[in-house]
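Hi everyone, thanks for making time today. I'd like to walk you through a structure that will be new to most of you, so let's put it up on the screen.

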Amino acid sequence: MYITTSSSASSSLLRAASSYSRTRLFPSSFRNLTSTNPASPSLVSHHRSLTSAAVRSFHGSVPRWSHRLDWRSPLSLRAQIRAVTPVIERLERKFATMASEHPFKAVLTSLPKPGGGEFGKFYSLPALNDPRIDKLPYSIRILLESAVRNCDNFQVKKEDVEKIIDWENTSPKQVEIPFKPARVLLQDFTGVPAVVDLACMRDAMNKLGSDTSKINPLVPVDLVIDHSVQVDVTRSENAVQANMELEFQRNKERFSFLKWGSTAFRNMLVVPPGSGIVHQVNLEYLGRVVFNTDGLLYPDSVVGTDSHTTMIDGLGVAGWGVGGIEAEAAMLGQPMSMVLPGVVGFKLSGKLRNGVTATDLVLTVTQMLRKHGVVGKFVEFYGDGMGELSLADRATIANMSPEYGATMGFFPVDHVTLQYLKLTGRSDETVAMIESYLRANKMFVDYNEPQQERVYSSYLELNLAEVEPCISGPKRPHDRVPLKEMKADWNSCLNNKVGFKGFAVPKEAQDKVAKFSFHGKPAELKHGSVVIAAITSCTNTSNPSVMLGAGLVAKKACELGLQVKPWIKTSLAPGSGVVTKYLLQSGLQEYLNKQGFNIVGYGCTTCIGNSGELDESVASAISENDVIAAAVLSGNRNFEGRVHALTRANYLASPPLVVAYALAGTVDIDFDKEPIGTGKDGKSVYFKDIWPSTEEIAQAVQSSVLPEMFKSTYQAITKGNPMWNQLSVPSSTMYSWDSNSTYIHEPPYFKSMTMEPPGAHGVKDAYCLLNFGDSITTDHISPAGSIHKDSPAAKYLLERGVEHKDFNSYGSRRGNDEVMARGTFANIRLVNKLLNGEVGPKTVHVPTGEKLYVFEAAMRYKAAGHDTIVLAGAEYGSGSSRDWAAKGPMLLGVKAVIAKSFERIHRSNLVGMGIIPLCFKSGEDADTLGLTGHERYTIDLPSNITHIRPGQDVSVTTNNGKSFTCTVRFDTEVELAYFNNGGILPYVIRNLIKQ
């Protein structure tokens with residue numbers, strides 16, 4: 001659907017208008033916005049119901065489970081309203097007339113309370129009286145309800161509703177639909193650049209003579225600061241406080257900026273550092289399941305700037321990751337344009353065997369779905385086995401949707417969901433409202449009743465009893481290894497040529513032992529020795545069964561006299577304070593501490609590369625002896641170079657397995673046959689001696705995980721901590737950029753922007769900046785992890801007086817485009833074919849043949865007025881959704897990426913930054929076409945946007961006479977509009993101004 005300027009512009013103004021009129025006529029509504037408001041009489045008027053979300057855009061009172069925040073002054077609000085009132089009133093009258101003609105006003109239905117009165121009103125899918133709806137997957141019904149509710153004859157049309165109802169026939173045709181999520185979720189690594197962009201957009205509005213207050217979120221935005229804590233201090237009772245102090249020292253400027261954003265932008269909640277991991281906080285607290293906004297009921301849905309936003313799918317909330325630039329547009333009232341997805345039905349039966357964990361299950365599911373092929377699709381789970389999975393188990397599976405490639409891994413709401421909502425402190429009335437609404441709108445699954453057969457695009461089935469203990473690695477999350485085969489697999493990896501499953505270690509060097517002194521005591525490392533063992537990540541720390549399981553392993557090991565070697569860097573980073581409470585309640589934290597797994601902080605740590613430094617003696621032993629050292633972590637990503645620069649083998653495992661491998665000290669072990677160690681009685685201790693039964697874990701969960709823990713944890717979450725509360729921030733709504741700052745810098749995106757779109761364009765005589773093979777991830781592209789001392793980013797920081805010890809990570813400096821551009825393609829494991837086998841962050845400057853850092857080569861091309869392109873293989877841009885994987889190349893002057901295939905979010909981000917994504921034809925790639933990367937490339941795209949169609953073929957020619965055809969991956973008409981405007985943010989700004 002092409003979003004016209006008039007529709008977008010008037011929609012934004014009309015929200016303002018409705019908000020203004022309600023402020024004048026119903027001031028009490030501002031005081032009573034809670035998550036379970038009684039139905040408002042104004043809902044009888046469809047105009048009121050359609051614009052109810054607008055109230056939130058003019059005051060900060062967001063309906064949540066137990067907190068209400070009001071950031072804005074009514075005086076400021078009135079001043080803004082006066083400025084736009086005449087235009088607003090004209091458009092409001094027009095909108096009121098059109099709203100009365102809404103095609104679905106007849107299905108606005110009351111939802112009665114069992115004891116009298118009503119919960120509110122809702123758009124009833126059964127009232128549409130269309131038998132096709134009964135066969136729709138539950139995940140598609142959420143898209144349908146959103147389209148019906150938001151149908152305004154502007155951004156969402158009746159034809160869009162019909163496309164969704166006819167999903168069985170339309171989804172194979174790749175039809176486009178608009179979707180408006182109920183809210184947006186951010187973490188601080190992606191949240192900082194998002195707030196920087198919003199601040200910069202205000203500046204752009206100001207320079208173009210428009211109203212800066214138009215740049216404000218129109219839907220609730222939750223930002224959880226969780227990506228900044230590093231494991232600097234471990235094996236200490238004081239580790240949490242020590243790491244937080246270092247976190248604030250490094251990130252004070254960023255944190256102050258985010259605190260400014262929480263006051264400068266309406267409808268934005270910032271959860272302070274030390275509170276937990278964004279996806280666990282979302283699951284346990286922020287997730288509404290059903291919104292009740294001024295008496296209008298509708299399903300919760302969320303898009304987040306982190307690919308693991310999908311974790312909320314386990315709660316029956318439709319959520320997935322998007323690029324930050326897409327999320328910013330959603331905040332500003334733009335509908336998301338998406339292709340109506342196919343849905344894979346995944347049937348679960350049976351139950352997990354004794355001793356098998358949810359982590360084993362999710363690694364098995366990930367491998368199955370990767371093999372099936374689910375990129376761009378929803379996966380919906382169903383079947384009798386659903387009753388055997390706890391909500392936390394479901395969330396673990398949903399969390400790893402990016403690893404199996406799906407947009408969502410969705411678990412519809414059922415009785416298990418309701419039980420979890422009560423456990424986590426949602427009130428009985430809220431849970432009753434959720435159940436009543438979902439049952440009434442045919443979105444609730446009751447496995448006690450006969451099941452209506454649903455239609456899926458394809459089908460998979462797994463008997464849970466077939467799942468066996470496993471881990472994944474050493475370089476990709478979908479390379480699952482059954483535990484019983486691990487030793488053989490490891491030895492194969494040592495022998496295999498360098499690749500995803502190979503290190504090419506010569507036979508004579510495979511048994512080499514590196515002896516060293518660790519704090520005065522003898523120590524040794526071999527290939528496969530574990531040097532990092534981390535219980536980390538939202539994937540597993542949200543699951544009490546595996547966390548308490550880890551504690552039981554530690555307890556049994558202590559009792560038998562086993563001890564983790566002191567040179568292994570052990571850490572425990574829970575996703576919320578609730579975990580600490582139940583580990584203390586169970587008495588198991590004591591044993592985890594004895595094994596070195598002291599709590600180090602509440603946030604993402606080792607899983608995203610914030611593993612901190614290894615002890616100098618360990619690091620030297622690895623480097624000097626070329627040891628293939630191992631990390632074992634309970635995370636979701638193990639791409640090479642991500643966890644730590646010195647751990648070339650990285651394995652994903654359940655928390656109890658992390659403890660077991662730490663005790664063993666190596667991944668080169670057969671747990672079935674070889675002892676883990678020697679007990680205090682001198683006897684060998686085996687894996688089976690320390691592994692808890694499913695019954696033991698269940699008993700620990702039953703007695704230790706209590707509702708009061710969730711309530712007490714989240715009642716205080718927005719109050720922050722003393723260090724956060726002491727941050728002083730200005731009260732202005734325009735940000736004062738500091739040109740000397742190395743953390744927050746005004747980006748150049750809008751500096752030369754005019755009201756006239758730049759238009760479509762091809763590429764002429766471009767040089768190839770990089771030539772890649774398959775599986776180049778956003779970890780390879782986007783600046784991530786530590787800043788190497790010899791890198792262009794390091795040079796930039798040193799020139800500005802920043803000492804090496806204060807470099808911090810790339811992630812913490814995402815608010816500075818100068819640092820991030822220099823860190824793009826700076827991964828030390830980058831394999832660029834132009835370098836003929838050499839690995840590292842460099843490339844060949846084709847005109848001179850010089851080998852340069854990628855940034856330096858790109859700047860030479862730009863200085864000479866030359867465009868550049870990137871050649872790539874399959875799955876380009878897989879991994880975390882990182883804006884800088886698109887922003888960085890754009891700032892380097894990359895105009896197009898030609899790949900065999902793209903990861904969904906990354907392709908969208910490239911379009912959002914004005915970069916042309918192209919796909920080779922099936923069976924072709926750079927190698928088969930004889931492309932070396934030393935050619936110059938011309939991409940023949942029309943200069944008139946109306947002459948370009950989504951998915952059309954385009955011709956690419958080179959200066960040495962080669963010619964081939966590619967598919968241009970602008971997948972929708974809206975993406976063409978973004979490209980015509982030079983990107984999604986300039987498109988939004990121009991639309992907001994043209995009011």
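Let's begin with Trp260 and Phe265, which are both buried. Please keep in mind that this is a predicted model. How are the planes of Trp260 and Phe265 arranged, stacked or edge-to-face? This aromatic pair is edge-to-face, with 80° between the planes and 5.6 Å from centre to centre. The two rings also have company: Trp260 and Phe265 belong to one aromatic cluster together with Phe257, Tyr735 and Trp737. Across the model, the count of aromatic pairs comes to 31.

Here is another of those pairs, Phe671 with Phe687. This one is stacked, at 4.8 Å centre to centre and with 20° between the planes. Where do the two residues sit? Phe671 lies in the loop between α24 (655-664) and β24 (677-678), while Phe687 is in helix α25 (residues 687-690), so the pair ties together parts that are 16 residues apart in sequence. Both Phe671 and Phe687 are buried.

While we are on rings, let me show you two charged residues that lie over ring faces. Arg141 is over the face of Tyr138, 4.5 Å from the ring centre. Lys887 is over the face of Trp884, and there the distance to the ring centre is 5.3 Å.

Now to another arginine, Arg637, which you'll find in the loop between β22 (630-633) and β23 (649-652). Is Arg637 buried or exposed? Its relative accessibility is 1%, and buried means under 20%, so Arg637 counts as buried. Which side chains does Arg637 meet there? One is the side chain of Ser307, in a polar contact of 3.1 Å. Another is the side chain of Glu403, joined to that of Arg637 by a polar contact of 2.3 Å.

Arg813 makes a nice companion to that story. This residue lies in the loop between α30 (792-799) and α31 (817-823). Arg813 also has 1% relative accessibility and counts as buried. Its side chain reaches the backbone oxygen of Asp806 at 3.1 Å. Leaving aside neighbours within four places in sequence, Arg813 is in contact with several residues, including Thr742, Tyr743, Ile787, Leu797 and Met820. If you want a feel for the fold around here, look at His745: Arg813 and His745 are 68 residues apart in sequence, yet 9.6 Å apart in space, C-alpha to C-alpha.

Let me finish with a sheet. What is the order of its strands? This is an open sheet of four strands, running β14-β13-β12-β15, with parallel pairing. At the edges stand β14 (408-410) and β15 (458-463), each with a single partner strand, so one side of each is left without a neighbour in the sheet. On average, neighbouring strands here are turned by 20° against each other, direction ignored.

Let's zoom in on one pairing, between β12 (residues 343-349) and β15. How many bridges join them? There are six, and the two strands run parallel. One example you can click on is Val344, whose bridge partner in β15 is Ser458.

And what packs on this sheet? Helix α13 (residues 358-372) does, touching β12, β13 (378-382) and β15. The direction of α13 makes about 150° with that of β15.

That's my tour, and I'm happy to go back to any of these places on the screen.

How values were computed. Residues are numbered from 1 along each chain as its sequence is written. This is a predicted model: local features need pLDDT of at least 70, side-chain atom pairs count only at pLDDT 80 or more; totals for chains, interfaces and linings use all residues. Side-chain values use heavy atoms; hydrogens and water are left out. Rings of Phe, Tyr and Trp (its six-membered ring) pair if their centres lie within 6.5 Å; planes under 30 degrees apart count as stacked, over 60 as edge-to-face and the rest as tilted. Buried means under 20% relative accessible area, exposed over 50%, partly exposed in between (1.4 Å probe, protein chains only). A charge sits over a ring if NZ of Lys or CZ of Arg is within 6 Å of the ring centre and within 35 degrees of the ring normal. A polar contact is a pair of N or O atoms within 3.5 Å; within protein, one must be able to donate a hydrogen and the other to accept it, and residues adjacent in sequence count only if both atoms are side-chain atoms. Two strands pair if DSSP finds at least two bridges between them. Axes are lines fitted to C-alpha atoms, for helices over the stretch in contact, and angles run from 0 to 180 degrees between N-to-C directions. Contact means heavy atoms within 4.5 Å.
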